[in-house]
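The following exercises concern the fold of one chain and a pocket in the structure. Each task is followed by a worked solution.

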Amino acid sequence: MGKTFAKPEALSDQHTHYCPGCTHGVIHRLVAEVIDELGIRGRTVGVAPVGCAVLMYNYFTFDFMESAHGRAPAQATGIKRVRPDLIVFTYQGDGDLASIGMSEIVHAANRGEKITTIFVNNAVYGMTGGQMAPTTMPNQRTTTSPFGRNVEEVGMPIKVSELLASLQTDAYIARQTVIYPKHINRAKKAIKKAFQYQLDGRCFSFVEIVSTCPTNWGLTPVEAVKWAEEKMLPYYPLGEIKTPDKS
Amino acid sequence: MAFMHVIDSDRCKGCGLCVTICPKKVLEISEQVNTKGYFPAFQARPEDCIKCALCCTMCPDVAVTITASEDAGDPQQAASTEENDG
């Protein structure tokens, strides 16, 4: 018994700049694998966010655009409307999408743009040095909440997937994680489904991925995985939150 | 069909996620530093490896690959190559 495993073609040979144990690498690989399996590498355009994934155009072998902070859905809308034959996806973190880019993503989802968004939720601003994000867990310590997130002062973490699911426009919205191999397989299926909905021209598709940030959480990669499982997953339940068939 | 488990020690950042995920406890973190200054994972007990590819699935840096060759090959030789890669 045995399996083979190789780097997907859509991923370049470049070594990533991410910290050890950062799950961005896993999500990059899943996106690349899905694009290879669907055979759409020649007509895919990614829109990179501002955040840790700002240099992600180095790691893929298809076209990329870099957008202003939080404006990736707006840029993707423009690309998709001018060239409807292209497959356009945005890849955004929680500081980018849930804070600065909140209005862009809500309106892109509400217009039902035929784009795909991969939303990486690691409960903290990564690149800028671990500040509190809208998705930071209650009592979680960050550099701007040194005594823990005070929900009396700044409110509860935003569940972006549920928020977007409340819109009346058709959409595919799912939340998955990549902390263990079984979750990684499910996350890949969700990403593939999201791209498939776009290929079919059905609806806006959105996959939230609960991720880890060992460096800014101040944990080892292995501890970070456990922390995400114990603290984040109960608040951010996994699964399909909205499908165009049901709504 | 011969399967070969290879860890690219220069891609590896030594996060240790593969070490905890391995069902057969094959992997360990090396004492030797790689070109980027990390301590990479290596196959300490390659004979126990069942090529389940869980480490490949978990690795954030795509440092672990498993290749298959049609010819059965010499298992001894394959094992020594794996050690060198670690």
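**Exercise 1.** Determine what share of the residues in chain A is buried.

*Solution.* The model is a predicted one. A residue counts as buried when its relative accessible area is under 20%. By that criterion, 57% of the 247 residues in chain A are buried. The accessible surface of chain A amounts to about 10000 Å², and carbon and sulfur atoms hold 53% of that surface.

**Exercise 2.** Assess how the radius of gyration of chain A relates to the globule rule.

*Solution.* Begin with the secondary structure: chain A contains 9 helices and 7 strands. Its radius of gyration is 17 Å, and the globule rule gives 18 Å for 247 residues; the two values are close, so chain A is as compact as a globular protein of that length. Next, take the extent of the C-alpha trace of chain A, which is about 50 × 45 × 35 Å along the principal axes. Finally, consider the contacts in chain A with a separation of 6 or more: 69% of them join residues 24 or more positions apart.

**Exercise 3.** Describe the second largest pocket and identify which elements line it.

*Solution.* The second largest pocket encloses about 270 Å³ of space. Its lining comprises 15 residues, and those nearest the centre are Lys3(A), Phe5(A), Asn185(A), Ala53(B) and Thr57(B). Two or more lining residues come from each of α1 (24-38) and α7 (181-199) of chain A and α2 (54-58) of chain B. Of these, α7(A) gives the most, with 4 residues. Sorted by class, the lining holds 8 nonpolar, 3 polar and 4 charged residues.

Note on methods. Residues are numbered from 1 along each chain as its sequence is written. Chains are lettered from A and ligands numbered from 1 in the order in which they are written. This is a predicted model: local features need pLDDT of at least 70, side-chain atom pairs count only at pLDDT 80 or more; totals for chains, interfaces and linings use all residues. Side-chain values use heavy atoms; hydrogens and water are left out. On a 1 Å grid over the protein atoms alone, a cavity is a set of points where a 1.4 Å probe fits but cannot get out, and a pocket is an open set with protein on both sides within 12 Å along at least five of seven lines; lining residues have an atom within 4 Å of a point. Grid points are joined across faces, edges and corners, and a volume is the space filled by probe spheres set on the points. Ala, Val, Leu, Ile, Met, Phe, Trp, Tyr, Cys and Pro count as nonpolar, Asp, Glu, Lys and Arg as charged, and the others, Gly among them, as polar. The radius of gyration is taken over C-alpha atoms; the globule rule is 2.2 Å times the number of residues to the power 0.38. Buried means under 20% relative accessible area, exposed over 50%, partly exposed in between (1.4 Å probe, protein chains only). Contact means heavy atoms within 4.5 Å. Accessible areas come from the Shrake-Rupley method with a 1.4 Å probe; for residues, only the protein chains shown count as cover.
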